Amino acid sequence: MFLGSDLREDFKEVLFAVCTDVFYQIKNVNGGTRTSGVQRSPLAEAIMDYINEHYTERISLAEMSSVLNYSVSHISHIFGEEYGISVKKYILQKRLNSAQLIILAGEKAGVACEKSGFANYSDFFRAYKNVFGTSPKNAAR
C-alpha cells in the first residue's frame, strides 16, 4: 500500500513513540538499570515517568510543570531534545498505541477511547484515522 507523505510522517512518529515506549518498558523491567549507552537527564526521565504513569488521565504541561518544579518551556525543551518528539505528540502517540492494543484485544472503540485517556470520541476518531489510516471500528476487523 502506498502511503502519502503526511501519512508516512505520522507513521514515523508512531513508530518512534512505540520504540521509545518499548525502551522505557525494558528499562522498568530491568529494575531501572540502563539497557543501552544512552544517558538521559534525570529530568527527561522524570518527565517520561510522569507521562507513562498518567497518560490515561487529563494531563497538561502546566500540571507537569507544577509537579516537577520546572517551567513549561524547560520541560518541553528537555523532553524534545532528549527524545526527539514533543511532549504533546508523545502523549498522543502513547494514547493511540494504547487504544490500538485495546481494540486489537477485542474491546469496542469507545472503550478504547476512554481507557486510553482521550477527552472525547471525535478527537480520538480523527487522530486514530489520521495516524493509522482507518477508523477505530475498522481496525478490529
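**Exercise 1. Place V131 in the structure and decide whether it is buried or exposed**.

Solution. Step 1: V131 belongs to helix α7, which runs over residues 121-132. The structure is a predicted model.
Step 2: Its relative accessibility is 8%. A residue is called buried under 20%, so V131 is buried.
Step 3: V131 can also be related to a residue elsewhere in the chain. L96 is 35 residues apart from V131 along the chain, and the two C-alpha atoms are separated by 8.5 Å. L96 is one of the buried residues of helix α5.

**Exercise 2. Describe the helices and strands of the protein as a whole**.

Solution. Step 1: Counting elements gives eight helices and zero strands.
Step 2: Written in sequence order, the pattern is α-α-α-α-α-α-α-α.
Step 3: The protein has 141 residues, and 35% of them are buried.
Step 4: The accessible surface is about 8400 Å², with 56% of this area belonging to carbon and sulfur atoms.
Step 5: Consider contacts between residues at least 6 apart in sequence; 57% of these join residues at least 24 apart.

**Exercise 3. Compare the end-to-end reach of helices α4 and α5 with the expected values**.

Solution. Step 1: Helix α4 covers residues 72-83, which is 12 residues. At 1.5 Å a residue, 16 Å is expected. The expected span is 1.5 Å times one less than the number of residues.
Step 2: From its first C-alpha to its last, α4 reaches 16 Å, close to the expected value.
Step 3: Helix α5 covers residues 87-104 and has 18 residues, so it should span 26 Å. Its end C-alpha atoms are 26 Å apart, in agreement with that figure.

**Exercise 4. Find which residues of α4 are buried and where they lie around its axis**.

Solution. Step 1: The buried residues of α4 are I75, I78, F79 and Y83.
Step 2: These residues cover an arc of only 100 degrees around the axis, so they are on the same side of α4.
Step 3: S73 and E81, on the other side of α4, are exposed.

**Exercise 5. Repeat the analysis for α3, and name what covers its buried residues**.

Solution. Step 1: In α3, M64, S65 and L68 are buried.
Step 2: Their arc around the axis is only 105 degrees, which means that they lie on the same side of α3.
Step 3: A62 and S66 are exposed on the other side of α3.
Step 4: The cover over the buried residues of α3 includes α2, α4 and α5.

**Exercise 6. Describe how α4 packs against α2 and against α3**.

Solution. Step 1: Two packed helices are described by an angle and a distance, both taken between their axes.
Step 2: For α2 (residues 42-54) and α4, the angle is about 95 degrees and the axes are 9 Å apart. The angle makes α2 roughly perpendicular to α4, since angles of 65 to 115 degrees count as such.
Step 3: On the α2 side, the contact is made by L43, A44, E45, I47, M48 and I51. On the α4 side, H74, I75, I78, F79, E82 and Y83 take part.
Step 4: α3 and α4 also pack at about 95 degrees, with 9 Å between their axes. Therefore α3 is roughly perpendicular to α4.
Step 5: L61, A62, M64, S65 and L68 of α3 meet V72, I75 and S76 of α4 in this contact.

**Exercise 7. Locate Y50 and list its contacts**.

Solution. Step 1: Y50 is found in helix α2.
Step 2: With a relative accessible area of 8%, Y50 is buried.
Step 3: Setting aside neighbours within four places in sequence, Y50 is in contact with I59, E63, M64 and V67.
Step 4: The C-alpha atom of Y50 is separated by 9.0 Å from that of L68, which is 18 residues apart from Y50 along the chain.

**Exercise 8. Find residues with a positive phi that come just after a helix**.

Solution. Step 1: G84, just after α4, has a positive phi of about 75 degrees.
Step 2: G106, just after α5, has a positive phi of about 105 degrees.
Step 3: N69, just after α3, takes a positive phi of about 60 degrees. N69 is a residue other than glycine.
Step 4: Most residues other than glycine have a negative phi.
Step 5: N69 is in the loop between α3 (61-68) and α4. Its relative accessibility is 67%, so N69 counts as exposed.

Conventions
Residues numbered from 1 in each chain as written. Predicted model: local features only at pLDDT ≥ 70, side-chain atom pairs only at ≥ 80, totals over all residues. Heavy atoms only, no water. Helix = DSSP H or I, 4+ residues; strand = E, 2+ residues; numbered from the N terminus. Buried < 20%, exposed > 50% of the residue type's maximum accessible area, 1.4 Å probe, protein only. Contact = heavy atoms within 4.5 Å. Areas by Shrake-Rupley, 256 points an atom, 1.4 Å probe, with all protein chains shown as cover. Arc of directions from axis to C-beta. Axes fitted to C-alpha atoms, helices over the stretch in contact; angles between N-to-C directions. Parallel < 35°, antiparallel > 145°, perpendicular 65-115°, else oblique.
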